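Got the viewer open? Let's take a walk through this one, selecting as we go.

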Amino acid sequence: MADTFSLQRVLETFRSSLSENKKVYIKYYIAGWQELVSFMNSLGNVFSFISKDVVSKIQILENFLSGENGSYYVTIQSMVKYELDNDLVDLTKRGSHPESGCRTLLRLHRALLWLELFLERLRTSTEDGKTSVMCSDAYNESLAQHHPWLIRKAVGVAFCALPGRDTFFNVMNAGDHTQVVALLGESLPLIAEVYQITEDLYVKNHLLELP
Ligand code: 1Q0
C-alpha cells in the first residue's frame, strides 16, 4: 500500500468490493477502511483513539477471513448466513460471541453512513465551509446515536482539530478542487450502494441493533 492517501484508491477499493450480483467482498471493504485509517493517522494523534478502534475491527474481520472458516467470510452475505446458521452471534446481549463478524462489521457499517454524509457535505460545500461543522453534522445524524456521552464528547474535541477544507481537498490527491468534487460525485453513489446493500441485509436479518 502506498504511503500517500488518495481518494481514487478509496474509490477503487469500494468499487472492487461490489460483485456483479451485488455481493460485498469483505476483503475490499476492509481495504477501503484501511485507506481511510492511513488518512486519519496523517491528521495527528488526536485521532488515534478513533483509528485504533477501526484497526482493531479490521483485524477481527481479517482474522476470520484468514482463519479455518475463511471461505464463509468472503462476502458480507456469506458471513451473515454462516454466523446466524451456526449461532455465532450474540443477538441481544454480549455473551459467548462478543466479537462476531456481524457485530464488528455493523460498527464499520454505521461509520460508512457517517463517511457518506460527510463527503456529500464536503462535495457541496462552498469555500467558507468549515470541515469541523460538516463532520459533526454528519456525525450527529449517524454514529452519534450509537455512542455514549463520553465518546461523543471525545469525538467533539477531535473534530476541532480537523484541518480546513483546502487541506482536505489537497490531501485527497485528486487534482484541483473541481476534479476532487467530480471524483467525490463519482465515489458517493458507490459508497451509498455498498451501504444500502449491507443495510438491507441487516434489516432483513434483524441485525441492526447487535450489542
Ligand atoms: C477525519 C475525521 C475523522 C472523524 C471520525 C468521525 C467518527 C468518529 C467515530 C468515533 C469512534 C470512537 C472510538 C470508539 C468507538 C467504539 O466504541 C465504537 C463502537 O464499537 P464497540 O466495539 O465499542 O461497540 N466504534 C465505532 O463506532 C466505529 C467507529 C469508526 C469510526 C471511523 C471513522 C473513520 C474516519 C476515517 C477518515 C475519513 C476521512 C474522510 C475523508 C477522506 C476522503 C475519502
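Here is the route: the annotated domain, then the ligand, then what surrounds it.

Keep in mind throughout that this is a predicted model.

**Stop 1: the domain.** Select residues 26-173, where UniProt, in an unreviewed entry, places the feature "domain: Glycolipid transfer protein". Colour the span by secondary structure and you'll get 67% helix and 0% strand. Put a distance label between its end C-alpha atoms and it should read 25 Å.

**Stop 2: the ligand.** Now turn on a pocket surface: the ligand sits in the largest pocket. Which helices should you light up around the ligand? Those giving two or more residues to its shell are H2 (26-41), H3 (48-66), H5 (101-124) and H7 (149-160). H5 makes the largest contribution to that shell, with seven residues.

**Stop 3: the shell.** Expand your selection from the ligand and you'll pick up 27 surrounding residues. Colour them by class: 22 are nonpolar, one is polar and four are charged. The closest ones to show as sticks are Asp 53, Lys 57, Arg 103, Arg 107 and His 147.

**Stop 4: the polar contacts.** Zoom in on Asp 53, which has a polar side-chain atom 2.8 Å from a ligand nitrogen. Next, pick Arg 103: an N or O atom of its side chain lies 2.8 Å from an oxygen of the ligand. Finish with Arg 107, where a polar side-chain atom is 3.1 Å from a ligand oxygen. Then zoom back out to the whole ligand: on its own it has 960 Å² of accessible area, and the protein covers 91% of that.

How values were computed. Residues numbered from 1 in each chain as written. Predicted model: local features only at pLDDT ≥ 70, side-chain atom pairs only at ≥ 80, totals over all residues. Heavy atoms only, no water. UniProt positions renumbered as here; feature names shortened; annotations may be inferred. Helix = DSSP H or I, 4+ residues; strand = E, 2+ residues; numbered from the N terminus. Near = heavy atom within 4 Å. Polar contact = N/O pair within 3.5 Å; in protein donor to acceptor, adjacent residues only side chain to side chain. Areas by Shrake-Rupley, 256 points an atom, 1.4 Å probe, with all protein chains shown as cover. 1 Å grid on protein atoms, 1.4 Å probe; cavity = no way out; pocket = protein on both sides within 12 Å on 5 of 7 lines; lining within 4 Å. Sits in = over half its atoms within 2 Å of the grid points. Nonpolar A, V, L, I, M, F, W, Y, C, P; charged D, E, K, R; others polar.
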